[in-house]
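Colleague: I would like to understand how the words used for a model follow from its numbers. Could we look at one together and go through it step by step?

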Amino acid sequence: MRAALLALALVAGWELYAVLGGVDEFLLPAPSDVAAALWNDRGLLWDNFTVTAGEVLLGIAVSLAAGVALAVAIHFSRTLRRTTYPLLVASQTVPIVIVAPLLVAWLGYDLAPKLAIVGLICFFPVVVTTLDGLAAVDPDLRKLMRTLDASRAQTFRYVEGPAALPALLSGAKIAVTVAVIGAVLAEQAGSSDGLGHLILQSIPQFETARSWAAVVVLAAFAIALFGLLSLAERRLVPWAHRSEGAAT
């Protein structure tokens with residue numbers, strides 16, 4: 001409730017500044033103009049949104065599958081951890097804004113570079129949070145499994161995997177919020193459709209309100225994905241939320 005009131009206050013301040021501050025609407029349209037663009041350009045926004053949403057969802061799915069697989073492999077192999085983890089960290093030092101057009105030039109203008117860019121952004125938080133969750137398992141539980149003569153795979157299945165699930169979902173929530181950024185960067189680097197392309201195209205056409213409307217759609221989509229994952233987290237790992245409530 002407080003967040004909604006703060007958001008309304010910020011929007012009202014923006015409206016007053018845009019209307020009374022003498023700012024050219026090309027530079028900063030008022031929220032009312034953005035709302036009008038959302039309605040008037042709804043067909044154009046929807047057509048481009050479906051493209052971007054498909055890229056984001058597929059990119060997140062690929063990142064989750066690859067990220068979890070690598071995290072589990074690193075968890076099982078110290079050699080792989082020593083050789084792979086430093087490279088994984090180093091990959092995050094590469095500025096994605098510079099890499100995006102290079103990937104487009106290499107892979108072409110179809111879906112492949114967009115998935116690669118979204119994957120590069122989403123992959124790291126999934127791997128790191130999953131690894132942290134696997135490493136944070138209670139040592140007493142591992143000792144108990146050894147006492148019961150459980151195999152390494154059984155220990156992972158019944159103890160380590162479930163214990164790491166909250167951390168994995170936390171990484172996934174981070175990934176969905178940045179996946180939209182990756183898709184927009186990919187589309188602006190080279191694409192003929194999508195909301196990122198629409199934003200880049202609308203500015204020189206003096207349709208700044210349309211660009212802001214596309215930003216609103218992207219933000220709403222990211223928030224919706226985050227909310228769905230938060231709901232899934234409560235369904236899949238209810239014990240984590242019960243422990244948080246007991247701690248407070």
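Colleague: How many helices and how many strands make up the secondary structure of the protein chain?

Modeller: This is a predicted model, and in it the secondary structure of the protein chain comes to 11 helices and zero strands. Read along the sequence, the pattern is therefore α-α-α-α-α-α-α-α-α-α-α, where a helix is a DSSP run of at least four residues. Along the principal axes, the C-alpha atoms fill a box of roughly 75 × 50 × 30 Å.

Colleague: What makes the span of helix H6 agree with its number of residues?

Modeller: Helix H6 covers residues 111–135, and because its 25 residues should span 36 Å at 1.5 Å a residue, the 35 Å between its end C-alpha atoms agrees with what is expected. Helix H6 nevertheless has a kink of about 35 degrees, which lies at Cys122, shortly before the proline Pro125.

Colleague: Why is Thr52 called buried?

Modeller: Buried means under 20% relative accessible area, and Thr52, at 1% relative accessibility, therefore counts as buried. Thr52 has its place in helix H3, residues 42–76, and, leaving aside residues up to four places away in sequence, Thr52 touches Ala183, Glu187, Gly194, Leu195, Gly196 and Leu218. For the protein chain as a whole, buried residues make up 38% of the 248 residues.

Colleague: Why does Leu8 count as exposed?

Modeller: The word exposed is used over 50%, so Leu8, at 57% relative accessibility, counts as exposed. Leu8 lies in helix H1, which covers residues 2–20, and together with Met1 and Leu5 it forms a nonpolar patch on the surface, with about 390 Å² of accessible area together.

Colleague: What is the general reason that residues three or four places apart in an α-helix point the same way?

Modeller: An α-helix has 3.6 residues a turn, so residues at that spacing point the same way.

Colleague: How do you know that Phe206 is exposed, and where is Phe206 found?

Modeller: Phe206 has a relative accessible area of 61%, and since exposed means over 50%, the word applies to Phe206. Phe206 is found in the loop between helix H9 (195–202) and helix H10 (208–236), and its phi is positive, about 60 degrees, although Phe206 is not a glycine.

Colleague: What share of the area that the protein chain exposes is supplied by carbon and sulfur atoms?

Modeller: The protein chain exposes about 14000 Å², and carbon and sulfur atoms supply 69% of it.

Note on methods
Residues numbered from 1 in each chain as written. Predicted model: local features only at pLDDT ≥ 70, side-chain atom pairs only at ≥ 80, totals over all residues. Heavy atoms only, no water. Patch = residues over 30% accessible without salt bridge, like charges linked within 9 Å, V, L, I, M, F, W, Y side chains within 5 Å. Areas by Shrake-Rupley, 256 points an atom, 1.4 Å probe, with all protein chains shown as cover. Salt bridge = Lys/Arg side-chain N within 4 Å of Asp/Glu carboxyl O. Helix = DSSP H or I, 4+ residues; strand = E, 2+ residues; numbered from the N terminus. Buried < 20%, exposed > 50% of the residue type's maximum accessible area, 1.4 Å probe, protein only. Expected span 1.5 Å × (residues − 1). Bend = angle between axes of the 7 residues up to and from the residue. Contact = heavy atoms within 4.5 Å.
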